[in-house]
Amino acid sequence: MTTEKPSSAKLRKQNQPEEYDLVILGGGTGSTIAAWTFASEGQRVAVVDRKYIGGSCPNIACLPSKNVIHSAKVASYVRRSAEFGIAHDAFAINMSCVRDRKRKMVTGLNEMYLDNYKHTGAELIFGTGRFVAPKTVEVTLQDGSTRQLRGTNVIISTGTRAALGSTPGLADAQPLTHIEALELDEVPEHLLVIGGGYVGIELSQAMRRFGSRVSVIDRNERLMTREDLDVCEGLRRLLQDEGIDVLLNAQIKRVSGKSGVGVKIVIEQDGAEKTLEGSHVLVAAGRTPNTEGLGLESAGVELTDRGYLRVNERLQTTAPGVWAIGEVAGSPLFTHISVDDFRVVHANISGKHRVTTGRQVPYCLFTDPELARIGLSESEAKAQGIAYRLFKIPMEGVLRARTLSETRGFLKALIEAESDRILGFTAFGVGAGEIMSAVQVAILAGLPYTGLRDAVLAHPTLVEGLGALFSSPATVVNADAKPARVSAA
Ligand SMILES: Cc1cc2nc3c(=O)[nH]c(=O)nc-3n(C[C@H](O)[C@H](O)[C@H](O)COP(=O)(O)OP(=O)(O)OC[C@H]3O[C@@H](n4cnc5c(N)ncnc54)[C@H](O)[C@@H]3O)c2cc1C
């Protein structure tokens, strides 16, 4: 991809592996930043990727989905426009234009990434890689020829893909995954979504707002089961209020037909079988690590029982000099974690010491309104027997939300019972991700909740709502339990 160094071509002719300081297999966000950073520091770096410049996030996952979700938000504003005093005649959704806006953004991101490759001198090689010996990767290039690269250090960062599972008929139905769903140039007439996790929920709401009928099928009794009951219930109500059918406790028995032509899904719910019919099916029911075909046995890299790369807290695999970053390493499924994995590996390769344990894992679900959380939830605090003070206000108490006519949801914070330390914060409401980040900064700075309560925050901003939250009366929960012994991460 980028200009090849003359010595590489010479070595290739001699049929010997080309030598690099760092070879990266799979170019996700963290490993891409690793490539640029190590190359800027003077190391000879090669990144091998099957097809993406920058991995999933800018091409098929976070940024494209947020781009399309924003188009859906505009559609919802147009539908609500009379409420804001703006009259309009009929409107139409043009999915080709929605897709083109997304594609344009992706092209721009790819150009920016390629510029960084050029400036840093890291080499991007398009091809499929697999280990053929310790620290040695063979790449089958797009023209069918091969190259062998040997690194003093190797990073594996091959990510995950949508899991299809073993449901009879599902693979034959050629379901959409997020990749194809974000490339649709038509609004599905009736989209059946398998899985009520973050990918399923975000795309369900977007497609519904474009005009699709949507049914979400989930085997659990709640959506987003790791969240507190009030959050799960808030999300379920949000989807239902937008006209999405939410089928919980539903076991999928079999699937027939073809996505895009017509699909039937037989589910069992409350002991009875039901058949759902739709035009398309989207599978968003978990992820499978991309580890097969990597020749890991030739490299001495072992897997966990769940099929992820076995790593320690420094992100070293079981093979000396071989590291792992991102989802394939079993790290939480977020781009910001892939970036932090880079920091861990960068420090450790550079002779310092950094670990993944104890780090903060904030996250945001990009529904409208958003859900965002940092630190402990109530269920986690209760399960750990931790005493806390609970502050909770409805979004109606955030004045900025009223100016926007976006008052759905709530803010809540868990404060250590015996001190003013912030243990956890959840926002379900407009701008939740930004509000949560403000609380995260306070946690990082070791600021007690009173610091936010007493701060002079600009009016009317959403973050100002933290003043209202922390001035509200608190409830003491688990009063007899032990004081918190968590890192508030
Ligand atoms: C629809 C969707 C929305 C998401 N939204 C968000 C969000 O809003 N915020 C957030 O933080 N996270 C989000 N995520 C998760 C996020 O995309 C990932 O956690 C993040 O991209 C990190 O991935 P990674 O670095 O582990 O691997 P990836 O970015 O997936 O990179 C792996 C790369 O390895 C390549 N590869 C695999 N095997 C080989 C091989 N044998 N040879 C060569 N190359 C290979 C692949 O082509 C790929 O480019 C979302 C995910 C999805 C699916």
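**Figure 1. A nonpolar surface patch formed by Y77, F84 and I86.** In this predicted model, the side chains of Y77, F84 and I86 make a nonpolar patch of about 270 Å² on the surface. Y77 belongs to helix α4, which covers residues 62-79, and with a relative accessible area of 33% this tyrosine is partly exposed.

**Figure 2. Helix α10 and its surroundings.** Helix α10 is made of the 15 residues 335-349 and spans 21 Å between its first and last C-alpha, close to the 21 Å expected at 1.5 Å a residue. The helix is largely enclosed by the rest of the structure, because 12 of its 15 residues are buried; among them are I337, V339, F342, V344, V345 and I349, together with the polar or charged side chains of S338, D340, D341, H346 and N348. The buried residues of α10 pack against two strands near the start of the list of elements, β1 (18-25) and β5 (146-156), as well as against α2 (29-40) and β15 (322-324). Just after the helix, G351 adopts a positive phi of about 85 degrees.**Figure 3. The nonpolar cores.** The largest nonpolar core holds 46 residues, and those with the most contacts inside it are I24, V45, F131, L149, I155, I156 and V301. Around V45, when residues up to four places away in sequence are not counted, the contacts are with Y20, L22, I24, A35, F38, A39, A122 and E123. A second core, separate from this one, consists of 33 residues, including V98, V214, V216 and L371.

**Figure 4. Two cis peptide bonds that precede proline.** The bond from D368 to P369 is cis, with omega near 5 degrees, and P369 is located in the loop that links β16 (363-365) to β17 (370-375). H459 and P460 are likewise joined by a cis peptide bond, for which omega is about -10 degrees; P460 sits in the loop between α14 (449-453) and α15 (465-471).

**Figure 5. Positive phi angles at M224 and N249.** Most residues other than glycine have a negative phi. M224, although not a glycine, has a positive phi of about 45 degrees, and this methionine is placed in the loop between β8 (213-217) and α8 (229-241). With a relative accessibility of 13%, M224 counts as buried. N249, also not a glycine, has a positive phi of about 55 degrees and lies in the loop between β9 (245-247) and β10 (250-258); N249 is partly exposed, its relative accessible area being 36%.

Definitions and conventions
Residues numbered from 1 in each chain as written. Predicted model: local features only at pLDDT ≥ 70, side-chain atom pairs only at ≥ 80, totals over all residues. Heavy atoms only, no water. Patch = residues over 30% accessible without salt bridge, like charges linked within 9 Å, V, L, I, M, F, W, Y side chains within 5 Å. Areas by Shrake-Rupley, 256 points an atom, 1.4 Å probe, with all protein chains shown as cover. Salt bridge = Lys/Arg side-chain N within 4 Å of Asp/Glu carboxyl O. Helix = DSSP H or I, 4+ residues; strand = E, 2+ residues; numbered from the N terminus. Buried < 20%, exposed > 50% of the residue type's maximum accessible area, 1.4 Å probe, protein only. Expected span 1.5 Å × (residues − 1). Contact = heavy atoms within 4.5 Å. Core = buried A, V, L, I, M, F, W, Y, C linked by side-chain atoms within 4.5 Å.
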